[in-house]
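Student: I would like a close look at a single part of this chain. Please set that part in the context of the whole.

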Amino acid sequence: LAMLRVAELAKEAGIPDGVINIVNGSGPRVGSSLINHPQCSKVTFTGSVPTGVIVGKSALEQGMKRTTLELGGKNAAAFLSDMAVEKIV
């Protein structure tokens, strides 16, 4: 759901449709399909290390297609200084 919110905020900020696309699904299947698609210029993947390795290898095989891999993280969050510590906790 967090990524869907990012897409909503991008739209509210005026970023045109199609610039940011969020695709949910099985990592190996969706990731490989996106990487192999000729109109896809970059893939950002967030998920497990094993699936990220598959996505990264596919990108390499496609001539080093640009990728960003965020692998194995657990509930990362950032808090702004104007937020009360009590609310954060």
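Tutor: What follows takes one residue, Ile22, and then the chain around it. This is a predicted model, in which local features need pLDDT of at least 70 and side-chain atom pairs count only at pLDDT 80 or more, while totals for chains, interfaces and linings use all residues. Residues are numbered from 1 along each chain as its sequence is written, and side-chain values use heavy atoms, with hydrogens and water left out.

Ile22 sits in the loop that joins helix H1 (2-12) to helix H2 (27-36); helices (H or I, at least four residues) and strands (E, at least two) are DSSP runs, numbered from the N terminus. Ile22 counts as partly exposed because its relative accessibility is 29%, where buried means under 20% relative accessible area, exposed over 50%, and partly exposed in between (1.4 Å probe, protein chains only). Beyond its neighbours within four places in sequence, Ile22 is in contact (heavy atoms within 4.5 Å) with Met3, Leu4 and Ala7. Lys65 lies 43 residues from Ile22 in sequence, and their C-alpha atoms are 18 Å apart.

As for the whole, the protein chain has four helices and two strands, in the order α-α-β-α-β-α from the N terminus. Of its 89 residues, 17% are buried. Among contacts in the protein chain with a separation of 6 or more, 45% are between residues 24 or more positions apart. The C-alpha atoms fill a box of roughly 50 × 30 × 20 Å along the principal axes.
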